[in-house]
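User: I would like to learn how to read polar contacts, burial and sheet pairing in a model. Please take them one at a time.

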Amino acid sequence: IANSSVAVNITTTAILNLTNVSIENSVIWDFFIVEDSSVVALNVSGITRSKINISRGDSNDLSNLTLQWFLRVYAKDASNTALASANITVLDNSSGSYNTQAWNDTTDSTGYTGWVTTVEGIARWNYNPGNLNYTPHNITGNYSGYWNSTLSFVNESKVVTLLIPYVRTYC
């Protein structure tokens, strides 16, 4: 979506899902969402956060924008060897305390989880508590009783590498 005044303009009650597109050079707004409309933007690049307008001025407007990205985790040990069958859990920060599980997966033979849709946040006009930020996410891995975790800002689709300090024993 390129070179327009408003890249995504939803002005009547509607639901729109955008996936795998890029917003480029919008002049006024990247998103203009009103009249109880809902937009889910999955892997939409080029968004300028200051160019998001979700408003009508009416306290009854339930418009919202959900930003989502693809996330994948690569688990490895201290010797940089991929860890197959590591249990990976991703917790979001929607409550402010990382106690909401976003997803759980087990790594494959190459040390990777699958690509999983992960919410960055929800921008809302007339909701309590307003905007919800789900990121940073707490990514935890467990392999044979060894574990580690890291925080990652999921504001783009990406792979996060997680080092689990497993020590291999050779006989």
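Analyst: A polar contact is a pair of N or O atoms within 3.5 Å; within protein, one must be able to donate a hydrogen and the other to accept it, and residues adjacent in sequence count only if both atoms are side-chain atoms. This is a predicted model, where local features need pLDDT of at least 70, side-chain atom pairs count only at pLDDT 80 or more, and totals for chains, interfaces and linings use all residues. Residues are numbered from 1 along each chain as its sequence is written, and side-chain values use heavy atoms, with hydrogens and water left out.

User: Which backbone atom of Leu83 lies 2.6 Å from a polar atom of the Thr107 side chain?

Analyst: The backbone oxygen of Leu83 does. A polar atom of the Thr107 side chain also lies 2.8 Å from the backbone nitrogen of Ala86.

User: Is Thr107 buried or exposed?

Analyst: Buried means under 20% relative accessible area, exposed over 50%, partly exposed in between (1.4 Å probe, protein chains only). Thr107 has 4% relative accessibility, so Thr107 counts as buried.

User: How is the open sheet ordered?

Analyst: Strands (E, at least two residues) are DSSP runs, numbered from the N terminus, and two of them pair if DSSP finds at least two bridges between them. Here three strands form the open sheet in the order β1-β3-β5, with parallel pairing. β1 (6–10) and β5 (52–54) each have a single partner strand, so one side of each lacks a neighbour in the sheet.

User: How many bridges join β3 and β5?

Analyst: Three bridges join β3 (residues 29–33) to β5 in the parallel sense. Ile33 has Ile54 in β5 as its bridge partner.

Terms used. Helices (H or I, at least four residues) and strands (E, at least two) are DSSP runs, numbered from the N terminus.
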